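Reader: I should like a close look at one part of this model, taken on its own and followed from its length to its surroundings. Please set out the geometry before the contacts.

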Amino acid sequence: MNNLTQKQKDFFEALKTHYQLKALSSFEKMREIFGFKSKNSIKQYIEALKKENLIIENENNLYINPNQFGAPLVLTFVKAGFAAIMDDKIEKRVSMDEVLEINSPSTFVFKVSGDSMCEIGILDGDYVIIKKTPNANIGDIVLAIVDNEFTLKTYKKDGNGAYLKPENQDYPIIRPKYSLTIFGVAIGITRRF
């Protein structure tokens, strides 16, 4: 961004706020939104941003480069035990959507309620990322519909068929009376401290 003027940088920040990861609208529409006098001015700004790889083109649509969103990814491992000096080696900016693969329409996030999975570190109030699929492997953490109720548990099988195991010894296993349907498989969790 060192090659951009302050006005171009300000315009880019306005684009990020307005469009985020959506396709940019036409030059005429952007002219109206951002109060420019001509489409040519918008075109010149966009061309400057494209040269800096801040705007990318995909299937005849313009997008803000997704690397411009999210927090910086630092390439230094941080030990959880003793304090260490962190190198300033930033590889790129990283979005949690990208890391947790939640850009796909088949992936969604929900908030956990309860403590039935606490022994494997899924706590009340955590956000669980679910990849929607009707299939699960034994041992997967799944969002399932058991007798018309949603629950998050570990998927298991034995001689009596499929069942769901809470990861808290205070809770009993769940065997369906009528039906057990896998709605999706957990692929990650996140929480705020």
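What span should the 14 residues of helix α1 (residues 6-19) have, and how far apart are its end C-alpha atoms?

Author: The model is predicted, so local features need pLDDT of at least 70 and side-chain atom pairs count only at pLDDT 80 or more, whereas totals for chains, interfaces and linings use all residues. Residues are numbered from 1 along each chain as its sequence is written, and side-chain values use heavy atoms, with hydrogens and water left out.

Helix α1 should span 20 Å, because its 14 residues rise at 1.5 Å each, and the 20 Å between its end C-alpha atoms agrees with this. The expected span is 1.5 Å times one less than the number of residues. Helices here are DSSP runs of H or I with at least four residues, strands are runs of E with at least two, and both are numbered from the N terminus.

As for its faces, α1 has as buried residues Q8, F11, F12, L15, K16 and Y19. These residues lie on the same side of α1, because they cover an arc of only 140 degrees around the axis; the arc is taken from the directions between the helix axis and the C-beta atoms. An α-helix has 3.6 residues a turn, so residues three or four places apart point the same way. Exposed residues Q6, K7 and T17 are carried on the face of α1 turned away from the buried side. Buried means under 20% relative accessible area, exposed over 50%, and partly exposed in between, with a 1.4 Å probe and protein chains only.

The buried residues of α1 pack against two helices, α2 (27-34) and α3 (39-51), and two strands, β1 (55-58) and β2 (61-64). Contact here means heavy atoms within 4.5 Å.

With α2, α1 packs at an angle of about 100 degrees, and the two axes are 12 Å apart. The two helices are therefore roughly perpendicular. On the α1 side, the contact is made by F11, A14, L15, H18 and Y19, and these meet M30, I33 and F34 of α2. The axes are lines fitted to C-alpha atoms, for helices over the stretch in contact, and angles run from 0 to 180 degrees between N-to-C directions. Angles under 35 degrees count as roughly parallel, over 145 as roughly antiparallel, 65 to 115 as roughly perpendicular, and the rest as oblique.

Three residues thus appear in both lists: F11, L15 and Y19 are buried in α1 and also take part in the contact with α2. After α1 comes Q20, with a positive phi near 50 degrees.
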